[in-house]
Amino acid sequence: MKKTSYYTIITGASSGIGLALANEFAKNGHNLILVARREELLKEISAQISLKNKVSVEYIVADLTKPSDMVNLQSELQKKDYKINILVNNAGFGLVGEFSELELKVQQDMIDLNIKALVDLSYYFARQFKNQGFGWIMNVSSVVGFLPGPYMAVYYASKNFVTSFSLALAQELKQYNIVVTSLCPGYTDTKFQETSGMDKLSKFGKSNFVATTEQVAQSGYQGLIERSELITIPGFGNKLMLWLIKFVPVRIKLALVDYLQNSKTATPNSH
Ligand SMILES: NC(=O)c1ccc[n+]([C@@H]2O[C@H](COP(=O)([O-])OP(=O)(O)OC[C@H]3O[C@@H](n4cnc5c(N)ncnc54)[C@H](OP(=O)(O)O)[C@@H]3O)[C@@H](O)[C@H]2O)c1
């Protein structure tokens, strides 16, 4: 792949898995456009990654739940006329709690970020990549994208959407030389646990399957760029868990996730 003049755009690149993906892509010689809300952080990270890897790193500040910021993002990309060959839809958040007790607005924001922004950017870049004759799209889903999620209902459902949507896109776009991979990490050590309330309310963190962001990013990069996978599941433990869970009846899955989520409600607006 010729990388020098093209850019990889990564959403949610100011921390966690997105930041690790930015480092992984830069390490492999890709120029970057980083997107998130925290400008100071983006500025600092861009300078560090650029210096370390001798690649060009730009950033655009955007709250992807806001339609006006989505419009600004697209016009900024057009204005600067970047040549982009890889889209990484990574920005996302979750919240633990009973659906009908959590604030509706926060759950709507979750849908706007985890689903709507991802769909909008996939649409925008799918058309661009078709015109240029090639491209790569990584949509960050989760192992929970294969499960129903009591006490984190909207989050699990959003990741079910991301996985299903990405599989369909992969099939539609392969004729245009565009690869689409759904990256499905398990529990990974990031700010996500604190933002979602999982660190205090869920039993997931006590498992032995906690991955580092670097492990997830390396798996994701290889899955998308080197292996053109439909679905990338980092870690043997997660792969085994998802294989075994296929044989478990839905009522048992529901009871299991209910137990693991601990059935309590996180403080809304923590995202
Ligand atoms: N950690 C896990 O265990 C785990 C497991 C499976 C899947 N995932 C998925 O991995 C992805 C990354 O999560 P993470 O674990 O790395 O969490 P994180 O450390 O909290 O990172 C989330 C990123 O998304 C950005 N973001 C949040 N809201 C945004 C908004 N409205 N507009 C633009 N950017 C926004 C944040 O930046 P700003 O705050 O600067 O905007 C941050 O860069 C998510 O899609 C998550 O669902 C995580």
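**A loop residue, a seven-stranded sheet and a ligand shell**

Gln 175 sits in the loop that links helix H5 (153–173) to strand E6 (178–183). The model is a predicted one, and this loop makes a handy place to start looking around. Is Gln 175 buried or exposed? Gln 175 has 8 other C-beta atoms within 10 Å, and a residue with 12 or fewer counts as exposed, so Gln 175 is exposed. For a sense of distance across the model, take Leu 254: it is 79 residues away from Gln 175 along the chain, and 38 Å separate the two C-alpha atoms.

The loop between H5 and E6 also holds Asn 177. Most residues other than glycine have a negative phi. Asn 177 goes the other way, with a positive phi near 70° even though it is a residue other than glycine. Here the count of other C-beta atoms within 10 Å is 13, so Asn 177 comes out as partly exposed. Lys 54 is another non-glycine residue with a positive phi, in this case about 55°. It is found in the loop between H2 and E3. With 8 C-beta neighbours inside 10 Å, Lys 54 is classed as exposed.

Stepping back to the whole chain, the protein has 10 helices and seven strands. Its C-alpha trace spans about 50 × 35 × 30 Å along the principal axes. How does the radius of gyration fit a chain of 271 residues? A compact globule with that many residues would have a radius of gyration near 18 Å, and the protein has 18 Å, so the two agree. Of the 271 residues, 45% count as buried. Contacts also reach well along the sequence: among those between residues at least 6 apart, 72% join residues at least 24 apart.

Now for the sheet. Strands of a sheet pair through backbone hydrogen bonds, either parallel or antiparallel. In this protein seven strands form an open sheet with parallel pairing, in the order E3-E2-E1-E4-E5-E6-E7. E3 and strand E7 (231–232) are at the edges and have a single partner strand each, so one side of each has no neighbour in the sheet.

Two of the strand pairs can be followed residue by residue. Strand E2 (residues 31–36) runs parallel to strand E3 (residues 57–61), and five bridges join them. Within this pair, Leu 34 is opposite Tyr 59 in E3. To get from E2 to E3 the chain passes through helix H2 (residues 39–53), making a right-handed β-α-β crossover. Strand E4 (residues 84–89) and strand E5 (residues 135–140) also run parallel, joined by four bridges. Here Leu 87 has Ile 137 in E5 as its bridge partner.

That leaves the ligand. Which residues come nearest to it? There are 31 residues around the ligand, and the nearest are Gly 12, Gly 16, Arg 37, Gly 92 and Phe 192. Sorted by class, the shell contains 13 nonpolar, 14 polar and four charged residues. Helix H1 (16–27) and helix H6 (192–196) each contribute at least two residues to the shell. The largest share comes from H1, which provides three residues.

Notes: Residues numbered from 1 in each chain as written. Predicted model: local features only at pLDDT ≥ 70, side-chain atom pairs only at ≥ 80, totals over all residues. Pairing = 2+ DSSP bridges. Right-handed = clockwise from strand over helix to strand, strands pointing away. Near = placed C-beta within 6 Å. Nonpolar A, V, L, I, M, F, W, Y, C, P; charged D, E, K, R; others polar. Rg over C-alpha atoms; globule rule 2.2 N^0.38 Å. Buried ≥ 20, exposed ≤ 12 C-beta atoms within 10 Å, placed from the backbone. Contact = placed C-beta atoms within 7 Å.
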